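Good morning, everyone, and thank you for making time. I would like to walk you through one structure, beginning with a term we will need and then moving from the overall layout to a few individual residues.

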Amino acid sequence: MQHDTHADHTDHVHHGHAHGSAGGGRVSWGMAAKATLHCLTGCAIGEVLGMIIGTALGWGNAPTMALAIALAFLFGYSLTLWAVVRAGLGLKAAIGVALAADTLSITVMEIVDNGVLLLVPGAMDAHLADGLFWGALAFAFLVAFLVTTPVNKWMIGRGKGHAVVHQYHH
């Protein structure tokens with residue numbers, strides 16, 4: 001059922017997900033921000049873990065960044081997968097939902113935050129004990145959040161992204 005106004009279906013949040021109407025329509029910035037924060041949480045866990053591992057092992061920038069990106073996708077998908085399996089969806093179907101819900105959001109987030117890290121002077125050479133490491137990472141996540149939120153707003157408004165997860169929470 002498609003709602004005539006967004007007031008019929010506002011800011012439903014369950015297990016950290018933001019939901020729009022599956023049929024599209026107007027989507028609030030708050031709803032898009034909640035979906036983006038969900039995505040950012042998984043990405044941040046994976047990315048920080050990857051950077052800590054790569055930096056602690058003395059790896060170069062490229063393998064460290066590759067590990068961080070791979071773990072960002074793994075943790076980003078895992079949060080959605082966990083929520084929809086918990087809501088009763090089978091594992092195979094849940095994997096499809098997670099891929100549909102998060103791929104574009106995680107991709108945009110990773111391109112932006114890693115691009116920012118590459119642009120911040122010294123960030124890629126900073127060590128775990130350096131304020132620059134953590135400051136640049138926080139700044140990169142902030143910029144990625146600001147860029148990815150409109151992407152999520154657009155996707156949710158078209159019944160895609162985190163809107164796909166919505167039907168499994170009712």
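Let me start with the word "buried", which here means a relative accessible area under 20%, while exposed means over 50% and partly exposed covers what lies in between. With that cut-off, Cys39 counts as buried because its relative accessible area is 2%. Please keep in mind throughout that this is a predicted model.

Turning to the overall layout, the protein has 5 helices and 2 strands, and along the sequence these elements follow the pattern β-β-α-α-α-α-α. There are 170 residues, of which 45% are buried. If we take the contacts with a sequence separation of 6 or more, 67% of them are between residues 24 or more positions apart. As for the outside, the protein exposes about 8,200 Å², and 69% of that area is supplied by carbon and sulfur atoms.

Now to the interior, where the largest nonpolar core has 27 residues, and those with the most contacts inside it are Cys43, Met51, Met109, Leu117, Leu137 and Phe141. At least two residues of this core come from each of α1, α2 (61-86), α3 (91-119) and α4. Cys43 deserves a moment here, since it is buried, with a relative accessible area of 0%, and, if we leave aside neighbours within four places in sequence, its contacts are Ala72, Gly76, Ile106, Met109 and Glu110.

That brings me to a point a bench audience may ask about: how many disulfides are found in the whole structure? The search finds 0. Cys39 is in no disulfide, and the nearest cysteine sulfur to its own, that of Cys43, is 4.0 Å away. A disulfide is taken as a pair of cysteine sulfur atoms within 2.5 Å, so the 4.0 Å between the sulfur of Cys43 and that of Cys39 is too far for a bond.

Staying with buried positions, Ser105 lies in helix α3 and is buried, with a relative accessible area of 0%. Beyond residues up to four places away in sequence, Ser105 touches Cys39, Thr148, Asn152 and Met155. Thr149, in helix α4 (residues 131-157), is buried as well, with a relative accessible area of 7%. Apart from its neighbours within four places in sequence, Thr149 is in contact with Trp29, Ala32, Ala33 and Thr36.

Is Leu132, which also belongs to helix α4, buried or partly exposed? Leu132 counts as partly exposed, because its relative accessibility is 38%. Its partners, again not counting residues up to four places away in sequence, are Val120, Pro121, Gly122, Ala123 and Ala126. For Val120, the separation from Leu132 is 12 residues in sequence and 9.2 Å in space, taken from C-alpha to C-alpha.

Finally, let me come to the surface. Leu49, Ile53, Leu57 and Trp59 form a nonpolar patch there, and together these four residues have about 350 Å² of accessible area. Leu49 is part of helix α1 (residues 29-56), and with a relative accessibility of 34% Leu49 counts as partly exposed.

To close, I would leave you with two pictures from this predicted model: a largest nonpolar core of 27 residues, and a nonpolar surface patch formed by Leu49, Ile53, Leu57 and Trp59. Thank you, and I am happy to take questions.

Conventions: Residues numbered from 1 in each chain as written. Predicted model: local features only at pLDDT ≥ 70, side-chain atom pairs only at ≥ 80, totals over all residues. Heavy atoms only, no water. Helix = DSSP H or I, 4+ residues; strand = E, 2+ residues; numbered from the N terminus. Buried < 20%, exposed > 50% of the residue type's maximum accessible area, 1.4 Å probe, protein only. Contact = heavy atoms within 4.5 Å. Patch = residues over 30% accessible without salt bridge, like charges linked within 9 Å, V, L, I, M, F, W, Y side chains within 5 Å. Areas by Shrake-Rupley, 256 points an atom, 1.4 Å probe, with all protein chains shown as cover. Salt bridge = Lys/Arg side-chain N within 4 Å of Asp/Glu carboxyl O. Core = buried A, V, L, I, M, F, W, Y, C linked by side-chain atoms within 4.5 Å.
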